[in-house]
Amino acid sequence: MKRVHSTPRPDWQATAQRLGFAFHTFDGEPYWDESAYYQFSLRQIEEHLEDPTQALHELCMELVAEVVESEELLQRLAIPEAFHELVRSSWKRRDPHLYGRMDLCYDGHGPAKLLETNYDTPTSLYEASFFQYVWLEQQMQRGQLPAGCDQFNSIEDKLLQAFVQGGFGSPLYFSSVRGSVEDRGTVEYLRDIARQAGLRTRMIDIEDIGLDAGGRFVDLQGTPIDNLFKLYPWEQMFNEDYGRAIAASRTGFVEPPWKAILSNKGAMALLWERHPGHPNLLPAFIDEQPAGDLQPGWVRKPFFSREGANVQIRTNAGERLSEAGPYGAGPSIRQQFQPLPNFAGNHTVIGSWVIGDRPAGIGIREDNSPITKDSSRFLPHVILD
């Protein structure tokens, strides 16, 4: 694994706009960054990233099966008691799920370490799937990359297969928060693939979903929403007024309620309890528990933190770093500090995608800080032996 400087395509911004990648730049700073790319060997991809992703996903599914049977474990994950049966019955019905992303720390030598799972509302999907593959093809066509380059990226193919075979209802509404360009781009991309799979689809802002007198969620025309993909976190839905209506609404949700277990950083502590010493896991403890062997370095993460918000780090050398945010209240985990690989001042995290229970590809984020944030850059990758 190495970081290779690269000449950006002179028309990359125009290409991004033409292809619907409206969030390629934030506040004048590039989010998509092709001034460099990451190069992997096939062995690194297959043995150090793909295989561990599959193994970790299977551990996650085993954890869900255990947690839904235990009131104690559901409580430890701060899932409100009123929603325990919703989560449990969703798993037992095998409500279909679509995708998830694991954030891994990997420096090219292994083993990759799981930092957290984003299994409810993961973003960076469009750029990991479609746009970085466009970059690969165009750079090979222009002679900027060798003709034999490949990419660990079957995300779109597996998404299409999942929509065809996954048992999702139709019409399937797609929703995100009004005004979020990134979220809208993600759901528009997924909606397009669902249409290719033969599903009828509709788009609605989360804020426009209503509740009728019969307890059904409805669109602006009063039509019941039988199937809803929502890029909106379960932990927020549980705590809103409409949350009380979910169980009786007869709406099928994607992602399903059982994903609340794996969109929760407390799951990292439960995984470590069950698999201590696993080569791809880091020691992690729910914050009120004894911290075990985390000294001298640890990372504190709120259960429901996103994009690095409210993360606190104490490095092995005693340096303290933190990021502000709105998630300071509520439970946290403390996880062993695992320094991110540093490529000339760029701290790198690999997002490993799981589509329909199978590893599907990677996306890479980097930041000048050890804390990966919403402003962290996305860089493409290649496989080249």
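**Notebook: helix H4, a helix pair, empty spaces and two buried residues**

I began with helix H4, where seven of the nine residues are buried, so H4 is largely enclosed by the rest of the structure. I am working from a predicted model, and I keep that in mind for every entry here. The buried residues I listed for H4 are His84, Leu86, Val87, Arg88, Ser89, Ser90 and Trp91. When I looked up what covers them, I found that the cover includes H2, helix H3 (71-76) and helix H8 (234-238). Past the helix I checked the backbone and noted that H4 is followed by arginine 94, whose phi is positive, near 60°.

*Second largest pocket.* I then turned to the second largest pocket, which holds about 290 Å³ of space. I counted 18 lining residues, and those that lie nearest the centre of the pocket are Arg93, Asp95, Thr251, Gly252 and Phe253. Helix H4 (84-92) returns in this entry, since H4 and strand E12 (252-254) each supply at least two residues of the lining. Which element gives the most to this lining? I found that E12 does, with three residues. Sorted by class, the lining of this pocket came out as nine nonpolar, six polar and three charged residues.

*Helices H2 and H9.* Because H2 had appeared in the cover of H4, I looked up how H2 packs elsewhere. I found that the axes of helix H2 (residues 42-67) and helix H9 (residues 266-274) come within 11 Å and cross at roughly 100°, which means that H2 is roughly perpendicular to H9. On the H2 side I noted Leu59, Cys60, Leu63, Glu66 and Val67 in the contact, and on the H9 side Ala267, Leu270, Leu271 and Arg274. By class, this contact has seven nonpolar residues, two charged residues and no polar ones.

*Cavities.* How many cavities of 30 Å³ or more does the structure hold? I found two of them. The largest cavity has a volume of about 50 Å³, and I recorded its lining as Leu77, Ala78, Ile79, Pro80, Glu235, Phe238, Ala260, Ser263, Asn264 and Phe304. That lining divides into seven nonpolar residues, two polar and one charged. For the second largest cavity I wrote down a volume of about 40 Å³, with a lining of Leu114, Met268, Leu271, Trp272, Leu281, Leu282, Ala284 and Gln335. H9 gives the most to this second lining, with three residues, and Leu271, one of the lining residues, had already come up in the contact of H9 with H2. By class I noted seven nonpolar residues, one polar and no charged ones around the second largest cavity.

*Two single residues.* I looked up phenylalanine 23, which lies in the loop between helix H1 (12-18) and strand E2 (25-26). Is phenylalanine 23 buried or exposed? Its relative accessible area is 1%, so I entered phenylalanine 23 as buried. Leaving out residues up to four places away in sequence, I found that phenylalanine 23 touches Tyr31, Glu127, Val181, Glu182 and Gly185. I also noted that phenylalanine 23 and isoleucine 371 are 348 residues apart in sequence, with their C-alpha atoms 21 Å apart in space.

My last entry is serine 332, placed in strand E17 (residues 332-336). Serine 332 counts as buried because its relative accessibility is 9%. With residues up to four places away in sequence again left out, serine 332 touches Phe285, Ile286, Asp287, Arg300, Lys301, Pro302 and Phe303.

Definitions and conventions:
Residues numbered from 1 in each chain as written. Predicted model: local features only at pLDDT ≥ 70, side-chain atom pairs only at ≥ 80, totals over all residues. Heavy atoms only, no water. 1 Å grid on protein atoms, 1.4 Å probe; cavity = no way out; pocket = protein on both sides within 12 Å on 5 of 7 lines; lining within 4 Å. Points joined across faces, edges and corners; volume = space filled by probe spheres on them. Helix = DSSP H or I, 4+ residues; strand = E, 2+ residues; numbered from the N terminus. Nonpolar A, V, L, I, M, F, W, Y, C, P; charged D, E, K, R; others polar. Axes fitted to C-alpha atoms, helices over the stretch in contact; angles between N-to-C directions. Parallel < 35°, antiparallel > 145°, perpendicular 65-115°, else oblique. Contact = heavy atoms within 4.5 Å. Buried < 20%, exposed > 50% of the residue type's maximum accessible area, 1.4 Å probe, protein only.
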